[in-house]
Amino acid sequence: CVQADVESVGEPYWHRTHQIPGVEVCSVHQKKLVNSSVSTTSRQNKHAFVALAEDVMMNEPEQSETDPHLIAIAEAVYWLLNNDVPVLGLQELRDRYISRLKQMNPVTHQSTVGQRNLINEFSHFYGNQLLSELNCEVDYSEQDNWLSQMVRKPRKVSHPLRHILLMRFLELT
């Protein structure tokens, strides 16, 4: 991104998409992001402008094959930040999740979700390591885990990253 920014506008700049929790790769270049040395806490003036060129670690990280799930998350975040998104309530989101789950078959005839099956399939789809890295691990022994909450009667909000993960698992956009 730094090189592309310099070529297009003359200097590198902070991309808002790269600042979102859960975004670990650039959605455009599909390369792992590099952590900067800019502290977001414990700074004397946390509102001061810090130019990217001054403080970013310019070393290229070792690039291994980028996880397609991380690319999909980055692309979803980029799309959300750059498009008008209709605001859906928690109940409408849940209804969409349940409708898709019924098609996938882990829902009983009474519209209750088979939690163990859902958690197992979800964890298998992403892998426990990736879920842990994203702080989105799901433990069936914890009855009130975040995934279960999202497919039950909505009582509280969930982080947008978790909605992105569930939507991708359910093949929803």
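Leaving aside neighbours within four places in sequence, Thr-17 is in contact with Val-23, Ala-74, Val-77, Tyr-78 and Leu-81 in this predicted model. Thr-17 itself sits in the loop between α1 (2-9) and α2 (52-55). Loop or not, Thr-17 counts as buried, because its relative accessible area is 9%, under the 20% cut-off.

A look at the surface comes next. Trp-79, Leu-80 and Val-85 together make a nonpolar patch of about 270 Å². Of these, Val-85 belongs to the loop that links α3 (68-82) to α4 (90-104). Val-85 is partly exposed, with a relative accessible area of 39%.

Helix α5 can be described in some detail. It takes in residues 115-126, 12 residues in total, and at 1.5 Å a residue it should span 16 Å. The C-alpha atoms at the two ends of α5 are indeed 16 Å apart, so the expected and modelled spans agree. Which residues of α5 are buried? They are Gln-115, Leu-118, Ile-119, Phe-122, Ser-123 and Tyr-126. These residues cover an arc of only 120° around the axis, and therefore lie on the same side of α5. As for what that side meets, the buried residues of α5 pack against α3, α4, α6 (128-133), α7 (146-151) and α8 (160-169). Right after α5 comes Gly-127, with a positive phi near 90°.

Backbone angles deserve a word beyond that glycine. Most residues other than glycine have a negative phi. Asn-135 is not a glycine, yet its phi is positive, near 60°. This residue is found in the loop between α6 and α7. Is Asn-135 buried or exposed? With a relative accessible area of 51%, Asn-135 is exposed, a call that rests on the cut-off of over 50%.

Glu-171 is another non-glycine residue with a positive phi, again near 60°. Where does Glu-171 lie? Its place is in the segment after α8. Glu-171 has a relative accessible area of 64%, so it is exposed.

Put side by side, the loop residues described here fall into several classes of exposure: Thr-17 is buried, Val-85 is partly exposed and Asn-135 is exposed.

How values were computed: Residues are numbered from 1 along each chain as its sequence is written. This is a predicted model: local features need pLDDT of at least 70, side-chain atom pairs count only at pLDDT 80 or more; totals for chains, interfaces and linings use all residues. Side-chain values use heavy atoms; hydrogens and water are left out. Patches are made of residues with over 30% relative accessible area and no salt bridge: like charges are joined within 9 Å, nonpolar side chains (Val, Leu, Ile, Met, Phe, Trp, Tyr) within 5 Å. Accessible areas come from the Shrake-Rupley method with a 1.4 Å probe; for residues, only the protein chains shown count as cover. A salt bridge is a side-chain nitrogen of Lys or Arg within 4 Å of a carboxyl oxygen of Asp or Glu. Helices (H or I, at least four residues) and strands (E, at least two) are DSSP runs, numbered from the N terminus. Buried means under 20% relative accessible area, exposed over 50%, partly exposed in between (1.4 Å probe, protein chains only). The expected span of a helix is 1.5 Å times one less than its number of residues. The arc is that of the directions from the helix axis to the C-beta atoms. Contact means heavy atoms within 4.5 Å.
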